[in-house]
Every structure is written in structure tokens, then in C-alpha cells.
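Open the structure in a viewer and keep the sequence panel beside it. The stops below run from one residue to its partners and then out to the surface.

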Amino acid sequence: MGLTHPSWAAAPDADAAAAGPAIGSPGAAGTVNIVAVLDRRLSGAALVNAVMTVTEAKSQALWEAGFAGTGTPSDAVAVLCAPSGPAEAFGGPRSRYGSRLARAVHRAVLDGSRRAGAR
């Protein structure tokens, strides 16, 4: 897990420019890439909500680990689900699958960020 340049999602332009390029040079920025795979189909709206849930859980874990930011400029999230079968209508943190997703992401990011060392 790379967390060399944690930043706030809504950082002022001056702060964002000071962070440097998001990609392109070694050590310019770490990244937190999350790929979540669910064995249950989610509706389109639930998929959008699941991506938000993953992002919220990641941000919470980074905050708890002492990082001054919600992530890095190059973070990515992908949520994959079964292509067929009954669809879950919700993917938020209090839904059946969203809550499981939130806990799994939180645990993984918290463990990884602690290994990376709080800033």
C-alpha cells in the first residue's frame, strides 16, 4: 500500500498543486487501489453506492491510522459483482452486502496503512 502523499479530497487548489503529479515519477505519489468482488449481483444504483461505501471505509481507516487525508491523488476503486441472479437494491454501509464490504475494506486498509506508517 502506497501512502507517500496523502491528501484531502477537497483540498484547496494551492494544496493540490503542492502535492505534485499524481503519476509519472517514482515516489511522486503512492496509491490505494481497491478491487472488491461480490458473489451477488448489485443493481446499477447499488454498484454506485458500493463504490461510495468502499471510499468511505477507506477514508475512515486512513483517518484512524493517523493519515492527514482521505487518500492519495491516484487512488482507484472497482467493485465487481455477479452478472446474473437476483440483484441487491442497496450497497450502502447499512445494507446487507454494503456493510460486509465496508468492514472488509476498513480492516484491509487499516492494516495496510498501519504497516505503511502513519504520517
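Select glutamate 88 first: at 10% relative accessibility it counts as buried, where buried means under 20% relative accessible area, exposed over 50% and partly exposed in between, with a 1.4 Å probe and protein chains only as cover. This is a predicted model, in which local features need pLDDT of at least 70 and side-chain atom pairs count only at pLDDT 80 or more, while totals for chains, interfaces and linings use all residues. Residues are numbered from 1 along each chain as its sequence is written, and side-chain values use heavy atoms, with hydrogens and water left out.

**Stop 1: the partners of glutamate 88**

Glutamate 88 lies in strand E4, residues 87-88. Helices (H or I, at least four residues) and strands (E, at least two) are DSSP runs, numbered from the N terminus. Measure across from glutamate 88 to leucine 42: the C-alpha atoms are 4.7 Å apart, with the two positions 46 residues apart in sequence numbering.

Now add arginine 40, which forms a salt bridge with glutamate 88, the closest N and O atoms being 3.1 Å apart. Arginine 40 is in the loop between E1 and strand E2 (41-42) and glutamate 88 is in E4, so this pair ties together parts that are 48 residues apart in sequence. A salt bridge here is a side-chain nitrogen of Lys or Arg within 4 Å of a carboxyl oxygen of Asp or Glu. Arginine 40 counts as partly exposed, at 24% relative accessibility.

Which other residue forms a salt bridge with glutamate 88? Select arginine 96, where the closest N and O atoms of the pair are 2.8 Å apart. Shared partners thus join Arg40, Glu88 and Arg96 into one network of salt bridges. Arginine 96 is partly exposed, with a relative accessible area of 46%.

**Stop 2: lysine 58 and aspartate 75**

The count of salt bridges by this rule comes to 3. Go to lysine 58 and aspartate 75, whose side chains meet in a salt bridge at 2.7 Å, N to O. Lysine 58 lies in helix H2 (residues 44-64) and aspartate 75 in the loop between H2 and E3, so the pair ties together parts that are 17 residues apart in sequence. Lysine 58 counts as buried, at 7% relative accessibility.

**Stop 3: strand E1 and its neighbour**

Select residues 33-37, strand E1, which includes valine 37. In a regular strand the side chains alternate between the two faces of the sheet. On E1, Ile34 and Ala36 make up the covered face, and Asn33, Val35 and Val37 the uncovered one. Valine 37 is exposed, with a relative accessible area of 63%.

Add strand E3, residues 76-80, which pairs with E1 in the parallel sense over 5 bridges; two strands pair if DSSP finds at least two bridges between them. Valine 37 stands opposite leucine 80 in E3. Their C-alpha atoms are 4.7 Å apart, although the residues are 43 apart in sequence. Leucine 80 counts as partly exposed, at 44% relative accessibility.

**Stop 4: two surface patches**

Show the surface over Val35, Val37 and Leu80, which make a nonpolar patch of about 300 Å². Patches are made of residues with over 30% relative accessible area and no salt bridge; like charges are joined within 9 Å and nonpolar side chains (Val, Leu, Ile, Met, Phe, Trp, Tyr) within 5 Å. Accessible areas come from the Shrake-Rupley method with a 1.4 Å probe.

Finish at Arg94, Arg100, Arg103 and Arg107, which form a positive surface patch. Arginine 107 is in helix H3, residues 96-116, and counts as exposed at 51% relative accessibility.

Methods: Lys, Arg positive; Asp, Glu negative; His and termini not counted. Charge placed at Lys NZ, Arg CZ, Asp CG, Glu CD.
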